[in-house]
Amino acid sequence: MPPFAKIFSILAAFALSVSPLAAADPDPNDWNSVLAEAKGQEVFWHAWGGAQNINAYIAWVGQEVQSRYGVKLTQVKISETANVVARVLAEFEAGRTENGAVDLVWVNGENFATLKRQGLLLSSPWSTFLPNYALTDFENKPVLTSDFTTPVDGLESPWGTAQLTFYYDSAIVPTAPDSLAALEEWIQKNPGRFTYAAPPNFIGTTFLKQVLLGLTSDHSVFKTAPDATVFEATTAPLWAWLDRVHPHLWRSGRIFAADTTQLKTLLSDSEIDIAMTFNPGEASSAINEGLIPQTVRSFVMDYGSIGNAHFVAIPFNANAKAGAMVVANFLLSPQAQLRKSDETIWGDPTVLAYDKLSPQDQAAFDALKSGPATLSAAELGATLNEPDAMWSEALDAEWLRRYGG
Amino acid sequence: MKAKTSRLAIIPALVLALLILPIGAATLSLLGTAFDWKFGWWAHSLEPFETSLGAFQTVLNVPGFWTSVGLSFWIGLFTALISLTIVMLFIATFLSSRGFFWVWVLMKPVLAVPHAAAAFGLLFLIAPSGFLIRLVSPELSGFLRPPDWLIVNDPAGLSLALGLILKEIPFLFFVTMAALPQTDFRRPRIAANMGYGQIWSWFISVFPGVYLQIRLPVFAVIAFATSTIDVALILGPVTPPTLSVRILQWMNDPDLSMRTTAAAGAIIQVGVTLLAVLTWWAAEYVVMHLGRMMALRGWRFKRDKILRLLSVGLLGASVLIVSVGTALLALWSVAGVWRFPEALPQVWTLKSWSDQATNLWETGWRATIIGLGAATLSLALVLASLENEYRNNKRATRLAWWTIYIPLLVPQIALVGGLSVLFIRFSIDGTLWAVILVHMIFTYPYIYLTLSDPWNAFDTRYLAVARSLGKSVNRAFWSIRLPILLRPVLAAFALGFAVSIAQYLPTLLIGAGRQPTLTTEAIALASGGNRRVIGTYALVQTLLPLIVFALANLVPKLLWSNRRGLQVRSVE
């Protein structure tokens with residue numbers, strides 16, 4: 001290190017050490033004081049803005065928290081959550097411990113893992129102390145406490161759940177190919193009519209994991225990070241399967257879809273016959289909007305399907321922490337969760353436990369109508385646990401090495 | 001008088017500060033990230049990332065990395081070559097004809113269409129499920145479902161290059177038109193009388209002089225095409241994508257250690273752009289020597305009818321494609337159900353417009369304020385710079401000249417990424433002024449680029465007459481030079497406004513999400529791939545600059561309706 005650099009680093013360290021400590025974080029156990037502090041605050045919620053129905057739902061949340069708690073909510077529509085992570089990190093590096101640009105962020109998986117690992121979130125657990133957290137099904141849904149195998153530890157508040165679901169036009173595909181063997185056979189008989197999203201897009205990576213889980217009899221290897229030998233031995237059948245189907249995919253497997261939305265658009269344009277999504281209500285919503293035919297139905301793989309949850313988190317330097325907590329708590333209220341589950345609004349499954357709800361709320365959930373393409377809880381079947389996060393990274397890298405160049 | 005001059009003399013310093021400070025800051029922070037220097041305010045206070053050259057090794061080992069590099073390189077050169085050729089052939093063919101003025105009128109709106117909007121329009125037109133195939137389906141083609149053809153996102157990047165060429169043609173046309181008044185039109189006529197073909201006459205007698213003046217814009221085209229992100233995301237190859245898209249993916253990776261990879265990638269991107277420009281430079285010599293050789297041998301190239309027809313066809317096609325593409329955007333914005341193979345929507349609805357009305361209004365209004373602010377301030381600076389050059393009889397030095405154009409030549413992702421660290425450090429991000437300031441880094445060069453030639457071509461004897469009649473140098477500026485040059489001044493202003501409207505990365509990173517504009521909102525909404533929303537936003541994004549271009553055209557016409565000498569002639 002050159003001498004001037006040393007001086008700089010000492011100065012920088014000094015500057016950081018004397019910077020004023022952030023005011024004490026709001027304590028969710030003392031909810032009334034949180035409400036008092038939140039009143040009049042403006043919460044900038046960075047949330048993916050690619051879906052009109054979700055944006056409209058968030059706008060409704062904004063109206064509600066304004067009239068109930070006097071909190072002004074502004075959605076910052078983003079295209080990539082990782083940009084928000086980078087933003088918070090940039091503020092951390094610049095020594096901005098207060099007045100951060102991000103108050104609340106819609107997050108899960110690797111982005112949450114990064115935020116948590118780098119200490120970019122509120123330092124003490126808060127979400128489990130929110131008044132409405134008690135209503136959630138944390139006892140029975142491990143995805144609410146373990147986000148892609150990263151322990152949540154009260155640093156993010158659950159918002160909704162997701163499960164890998166396929167959908168297809170039953171007018172064209174008479175029987176859903178709901179096993180890997182059936183899917184492979186269908187793809188080979190119907191060249192150019194199936195594709196998936198290119199990893200590292202999350203739905204693409206999930207599809208790889210879904211196939212891998214179906215081809216592996218002993219799932220215990222997925223609990224820990226793989227070493228090279230285990231990875232090679234375990235994934236060999238996956239690559240063999242992909243090598244067999246790729247020549248028969250859409251565009252002969254030379255290009256892939258970008259994300260779930262493009263998959264939906266491709267199905268809408270009849271470019272493909274089977275698409276996949278993380279939202280079990282997506283196909284019904286799309287039918288409602290007239291994007292895809294009435295004859296579209298959903299299915300899951302007969303050996304279970306990968307499920308997870310999505311959350312909201314508060315960065316360490318958020319400007320309106322109390323306001324952000326109030327919003328997170330409202331998102332967990334039966335009213336907000338009910339509206340979110342409504343397929344004419346969004347159709348995102350709730351995180352609440354049915355038996356913890358009041359009879360009126362239970363009745364309201366019972367009254368929700370689901371569309372023809374939505375599977376019942378029984379039909380959705382078993383939820384497969386996400387493999388350790390290192391598996392995803394290794395799968396992405398190997399996929400890119402094999403098919404990405 | 002003396003005081004005025006010295007006050008103007010600080011302008012170059014001001015401009016250089018506006019440009020050099022951010023460029024320097026961006027460079028330092030980029031290098032700092034790539035090499036992981038542990039000092040200064042950009043130091044990582046987090047877990048150690050890779051050290052020194054590790055990031056570059058990672059980048060080089062990424063599968064398909066060289067394919068990405070090759071793609072960026074060839075798309076940059078191919079785009080510049082094709083668009084320049086088409087524009088030059090067309091101008092050589094048609095300069096003297098009356099129809100030329102109308103082509104120019106048609107071309108101007110195309111200039112206002114943002115790159116991303118043009119790219120979406122092209123996508124809706126030529127994709128296998130797009131308008132062209134719908135038109136002939138199922139009756140002629142027999143397609144009940146879209147054919148499984150690899151048209152857009154092709155691995156070689158041809159559709160990407162096409163999308164870029166469509167937008168670079170009007171840009172090069174625009175700058176060539178600005179350069180033309182200084183050329184002597186009698187020359188090609190003399191050459192033609194000596195038996196040279198029409199196109200060849202132009203190439204040997206006018207082109208060399210014109211090319212010298214539009215050379216920097218051509219370099220800017222190469223730089224833009226090698227590093228474009230939005231167009232590449234829409235039309236470009238996927239596995240692997242171009243280098244710029246890769247850098248964006250690394251920046252967007254949840255694994256923060258990829259940020260060093262992204263920084264190293266951005267430095268390589270600068271290198272690729274530089275290499276492409278240098279290759280072009282070398283090719284200039286080859287072309288020059290070949291041309292000279294052919295001219296010296298007296299080759300006439302008399303039979304160029306096919307080439308002339310081709311030039312008209314290609315240029316016409318480019319205008320037509322963008323126009324139809326824009327019409328398709330409009331169609332999608334009012335489409336309800338519109339499934340393949342229907343050529344027109346089955347259900348029409350204004351839902352997309354009514355859903356977005358408030359949002360469009362707010363973000364459109366902010367984009368307009370930022371655009372007007374950035375264009376006005378940049379224009380004032382450019383006028384002051386040019387006037388200073390004239391009064392002190394000093395043209396911009398080579399170094400200053402290049403500094404002005406660095407923002408156009410350096411990939412935006414490298415420049416703005418570094419800049420945002422600086423803004424965050426001093427807590428000036430997230431304000432309207434910060435966004436306007438950053439936009440000025442890009443609007444200033446474009447305005448200077450388009451205005452400097454007409455400005456310097458001005459016959460300064462008018463000013464001398466004014467001075468001899470006892471008018472001050474300021475009076476001469478305000479009542480002689482500015483009114484006469486009002487048309488190019490307003491045209492440059494309109495271009496600056498269009499440039500500002502289209503800015504995505506600077507607005508996103510410096511605005512900190514607090515200053516959403518039409519473009520940042522459009523890209524966030526487009527990430528969901530909803531064509532109706534894309535159509536709505538892309539259309540408004542096109543309309544705003546279009547209105548300003550139209551006003552820039554109209555104002556001088558109305559203002560000087562009683563001054564015949566200031567009316568449009570066939571060539572501006």
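## Exercises on chain B: two domains and one isoleucine

In this predicted model, the centres of domain 1 of chain B and domain 2 of chain B, taken over C-alpha atoms, sit 24 Å apart.

**Exercise 1.** Work out which residue ranges make up domain 1 and domain 2 of chain B, and how many residues each gives to the contact.

*Solution.* Start with the ranges: domain 1 of chain B covers 1-33 + 356-561, while domain 2 covers 64-349. Next, count the residues in the contact: 32 come from domain 1 of chain B and 40 from domain 2 of chain B.

**Exercise 2.** Take the side of domain 1 of chain B that touches domain 2 of chain B, and find which elements build it and what kinds of residue it holds.

*Solution.* First, list the elements giving two or more residues: α2 (10-35), α17 (398-409), α18 (412-425), α19 (432-457), α22 (486-502) and α25 (531-559) of chain B. Then look for the largest share: α25(B) supplies it, with 12 residues. Finally, sort this side of domain 1 by residue type, and you get 21 nonpolar, eight polar and three charged.

**Exercise 3.** Place B:Ile247 in its helix, then decide whether B:Ile247 is buried or exposed.

*Solution.* Step one: B:Ile247 belongs to helix α13 (residues 243-251) of chain B. Step two: the cut-off for buried is 20 or more other C-beta atoms within 10 Å. B:Ile247 has 28 C-beta neighbours inside 10 Å, so it counts as buried. Step three: ignore neighbours within four places in sequence, and the contacts of B:Ile247 are B:Ala262, B:Gly265, B:Ala266, B:Gln269 and B:Ile413.

**Exercise 4.** Find how far apart B:Ile247 and B:Gly298 are in sequence and in space.

*Solution.* Along the sequence, the two are 51 residues apart. In space, C-alpha to C-alpha, B:Ile247 and B:Gly298 are 50 Å apart.

How values were computed
Residues are numbered from 1 along each chain as its sequence is written. Chains are lettered from A and ligands numbered from 1 in the order in which they are written. This is a predicted model: local features need pLDDT of at least 70, side-chain atom pairs count only at pLDDT 80 or more; totals for chains, interfaces and linings use all residues. Domain bounds come from an automatic or database domain assignment. Two residues are in contact if their C-beta atoms, placed from the backbone, lie within 7 Å. Helices (H or I, at least four residues) and strands (E, at least two) are DSSP runs, numbered from the N terminus. Ala, Val, Leu, Ile, Met, Phe, Trp, Tyr, Cys and Pro count as nonpolar, Asp, Glu, Lys and Arg as charged, and the others, Gly among them, as polar. A residue is buried if 20 or more other C-beta atoms lie within 10 Å of its own, exposed if 12 or fewer, and partly exposed in between; C-beta atoms are placed from the backbone.
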